[in-house]
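Colleague: I'm new to reading protein structures and I'd like to go through one with you. Could you take me through it feature by feature?

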Amino acid sequence: MKYLAQQAINALQLGSIYALIALGYSMVYGVLTMINFAHGDVFMLGAFFCLLLVALVPVPFWLALIVVMAATALLGTLIERFAYRPLRKAPRVSAIITALGCGLVIQNTTLGISPYARPMPRLLENATYQLGGITITMLQIVIIGVSLGLMLALDFLIRKTSFGMAMRAIASDRAMVSLLGIPANEIIAITFAIGAALGGAAGLLYGMAYPVISASMGITVGWKAFVAAVIGGIGNMRGAVLGAFILGSVEVMTVAVLPSTYRDLISYSLLLLILVFKPHGLLGKPALHKA
Amino acid sequence: MSALLETRQLTRQFGGLRAIGDLSLSVHRGEILGVIGPNGAGKTTLFNLLTGIYPPSSGEIFFEGRPIAGLRPSEIARRGVARTFQNIRLFRQLTVIENVRIAYDSRLSCSPLGALLRTPHAGFCERESVEASVELLDLFELGSLAEKRAGDLSYGAQRRLEIVRALALNPKLLLLDEPAAGMNPSEAMQLTDFLRWVHGKFSLTIVLIEHHMQMVMALSDRIEVLDFGVRIAGGKPDEVKGNSRVIEAYLGTEGELP
Amino acid sequence: MMDGIKKHFIPLTLLLLGLVVSAVLPSTGLVNDYLQFVLISVAINAILCVSLNLVNGWMGEFSVGHAGFMALGAYASAILTVKLFPTAPTVLLFPAAVLIGGCAAGLAGIPVGILSFKTRGDYLAIITLAFLMIVKSGLENIPYTGGPRGMLGIPRLTTLAWAYFWCAVAFWVIRNLVYSKYGRGIAAIREDEIAAEAMGVNTRTAKLVAFVTSSFFAGVAGALFAHQLQFINPSSFDILKSTEILVMVYLGGVASLGGSLLGAGAVTILTQCLQPLGTWRMVVLPAILVVLMLYRPSGIMGYRDWAWLKPFFSPTPRSKKKKESNTTEGPQ
């Protein structure tokens, strides 16, 4: 029982990080119906930005978080502006390929600069607490807490502000929105920025939790979050969070029972399985359209 | 006269929208049936149901006495139901003759392996497909454009090509979805003569969706009127013309009954 | 068929000549080992490129999983030559191994093809990505084939002649397919899948034919690859490898046989020239992909091909001889 509870906390931690990244994928898919393959590498850069920042100027945790989120937000906006916006009218295939290309450019540039995995310096003193026989660390509390906080903030933004309403409008009918005088380009740019910022935060948190980071993280971790988003139903915020916690739990359980090399196999097989039975993810809805 | 096509209580829902409700009609062999109604009446949805693009929510469809609801569109096409589309849906990047050959090829039996290894049988199929398609194109004065990209053709030629392509299926029933769309009245009347000629030459049964009232009145043996997915009237053109419900449905919209 | 041989006399003789040259060249000492290696790589990449082009170019889908099929072919053939029949005579063993590699990959193409019936675009991309990851991760967990370390000591059976031969076969078969009922059906799916169905194209059969043919030849290429490098491991067949093949397709030209050859040649030579850059090489390739998408998404020879590749008969419309009216407006 205690063992399960311990694993549950691990799953919560991993799931929270996945959720932050997955939300970025879903937000972008919602407004542009494109898969932002580069998002995983933005997450990876979040970790590296943090590394760079802390190496230059020792800053406290919360400041690092803000700076990293700002930096990745900027990066996300730039990618959208120069790589995706020109392709708005192009067939979807072009956009996906460009995203893939951008992601790989980012990954391999980082790899070129830092070919080896790097340790992440400590940003927090890691206290441990005992709760009825279960060990929980300060780090885990921070990760889960910050993630939750950011998710709630995003939820508020989407459902209670006019920006959020505009975002949802664009997701529904992009052409119509600009006819109504809503600056679609700006809203889309901000959506990207927010998604990227969340990804960056996830990168920082991930680096703190599993303190060795490498350039291939974008694919090994970032794409898992993508799997999570698809499992939940890509384009759907609640789905992204749901999928993230499902995947986190599955991965934690897999590693507990099988050798760790099975993790990717199980995760991607789960994805395929769900897509076979629910082609649009668990919470996704197929687009109803008259031919 | 036997019913070539028959629907019984055909219904199609899209979420909360009932595009077609409880529609029962029949098309008799050899006739030209006009289907009219205001925009959004469900006419194209009807065509999509008949050609199997999506299945009915309930109800049945019979072609030549056999049920076809739920069959794949390619199977229905092979059984003899061909159509054109409201917005021309040619294979734009492909050549004119390739467009026709694709439809014609469905009549040929050539196995994938034969195609991959280019067996003599596959070669014969290719030859037959080319010759038959050229013949068909020549008939419609499109032969000289055979190697042109379909997307490069003039609007009128594209509309003609769509009909030729449909005819390459050797259909018994031809569904035409607004073939005169975008044409002025004189062009529409030319199309009327053309369609009459096609009807006779290929011994077809035709169902025609159109907004050009003169054309519908001139061509159709019978007319069915739809509004909000439901049949509101039907009969000979003269009967329908004077029907008050029909006039009411059209009031305020384009397409005055002449 | 004699008709065809007459019309195709020149290309056929050139093809045979090529085979003879490729068989004889290595022993003449005119071409050094490195150049041979590059030429073989071009041939293998050409097979990969034209087979991916079938799905991504002609059918207009987006498959990212091609390296996965390649992996299956590589491993299946290597198992045959290394584990099962290490002492068999190579002149029989190698073609058998390549065929088995192709079949293994081709079989895997069936479920992927079936999954493509109901999904298009983004979702198919996701499915093929999942397939790639599953193959890679699956191979990492099979101790029989060396797990993550891979297989060593694969005999060097890929000669220039064999590479050329299989390349010619791949191009010939895919050319046959493209200029056939199924090929046109595949192109129709790209243009307008619903209209294709309405015009009698059995899209399910067409998609299966495309995926199985495509994956079969990816497997063939994988087998050749394994017996050239003599060493394979799961990370040789990751997303980077798939990206490399994608660049070949979108650079050379989508839906084009000539374009496939061009793209394969260009990328192979480019990767060789960029060798001194080390890992930075892998920045250039995806960057090219991005630039292509922004400025010339259909590639150099997109949707066009050399005329002599077409089958021998061409339509001679009677109205062309009768009159030269070619801008007829409106209906008759």
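**Two helices that meet**

Modeller: Let's start with a contact in chain A: A:Ala166, A:Met167 and A:Ile170 in α6(A) come up against A:Ala184, A:Ile187, A:Ile188 and A:Thr191 in α8(A). Keep in mind throughout that this is a predicted model.

Colleague: What kinds of residues make up the contact of α6(A) with α8(A)?

Modeller: The residues there split into 6 nonpolar, 1 polar and no charged.

Colleague: And how do I describe the way two helices pack?

Modeller: Two numbers do the job: the angle between the axes and the distance between the axes. Here, helix α6 (residues 162-172) of chain A and helix α8 (residues 184-209) of chain A pack at about 105°, and their axes are 10 Å apart. An angle from 65 to 115 degrees counts as roughly perpendicular, so α6(A) is roughly perpendicular to α8(A).

**Chain B as a whole**

Colleague: Now chain B, please. How many helices and strands does chain B have?

Modeller: Its secondary structure comes to 10 helices and 10 strands. The C-alpha trace spans about 60 × 40 × 35 Å along the principal axes of chain B.

Colleague: What does the radius of gyration say about chain B?

Modeller: You compare it with what a compact globule would have. For 258 residues that would be near 18 Å, and chain B has 19 Å, so the two agree. Buried residues make up 48% of the chain's 258 residues. You can also look at how far apart contacting residues are in sequence: in chain B, among contacts with a separation of 6 or more, 66% are between residues 24 or more positions apart.

**Reading a sheet**

Colleague: How do I read a sheet?

Modeller: Look at the strand order and the pairing. Chain B has an open sheet of 4 strands, ordered β2-β1-β4-β5, with antiparallel pairing.

Colleague: Which strands stand at the edges?

Modeller: Those are β2 (17-28) and β5 (66-67) of chain B; each has a single partner strand, so one side of each has no neighbour in the sheet. For β5(B), the partner is strand β4 (residues 58-63) of chain B, and the two pair in the antiparallel sense over 2 bridges. One pair to find on screen is B:Phe62 with its bridge partner B:Pro67 in β5(B).

Colleague: What lies across β1 (3-14), β2 and β4 of chain B?

Modeller: Helix α1 (residues 43-50) of chain B does, running at about 65° to β2(B).

Colleague: Could we zoom in on one residue of β4?

Modeller: Try B:Ser58, which is found in strand β4 of chain B. Setting aside neighbours within four places in sequence, B:Ser58 is in contact with B:Gln9 and B:Thr11.

Colleague: Why is B:Ser58 called partly exposed?

Modeller: You count the C-beta atoms around it. A residue with 20 or more others within 10 Å is buried, and one with 12 or fewer is exposed. B:Ser58 has 14 within 10 Å, so B:Ser58 is partly exposed.

**A hairpin**

Colleague: Where can I see a hairpin?

Modeller: Go to strand β9 (residues 222-227) of chain B and strand β10 (residues 230-235) of chain B, which run antiparallel and are joined by 5 bridges. B:Glu224, for instance, has B:Gly234 in β10(B) as its bridge partner. The hairpin has 2 residues between the strands, and B:Phe228 takes a positive phi near 50°.

**A covered helix and the interfaces**

Colleague: How many residues of helix α3 (residues 96-105) of chain B are buried?

Modeller: The count is 10 of its 10 residues. What covers them includes α5 (120-139) and α6 (155-167) of chain B, together with α8 of chain C.

Colleague: So another chain joins in! How do I read that interface?

Modeller: Count the residues on each side, then see which elements supply them. Here 40 residues of chain C are in contact with 53 residues of chain B. On the chain C side, α8(C) gives the most, with 12 residues. By class, that side has 18 nonpolar, 14 polar and 8 charged residues.

Colleague: And how many residues do chain C and chain A put into their contact?

Modeller: That contact takes 33 residues from chain C and 34 residues from chain A. On the side of chain C that touches chain A, the largest share, 12 residues, comes from α6(C). The classes on that side are 23 nonpolar, 7 polar and 3 charged residues.

Notes. Residues numbered from 1 in each chain as written. Chains lettered and ligands numbered in written order. Predicted model: local features only at pLDDT ≥ 70, side-chain atom pairs only at ≥ 80, totals over all residues. Axes fitted to C-alpha atoms, helices over the stretch in contact; angles between N-to-C directions. Parallel < 35°, antiparallel > 145°, perpendicular 65-115°, else oblique. Contact = placed C-beta atoms within 7 Å. Nonpolar A, V, L, I, M, F, W, Y, C, P; charged D, E, K, R; others polar. Pairing = 2+ DSSP bridges. Rg over C-alpha atoms; globule rule 2.2 N^0.38 Å.
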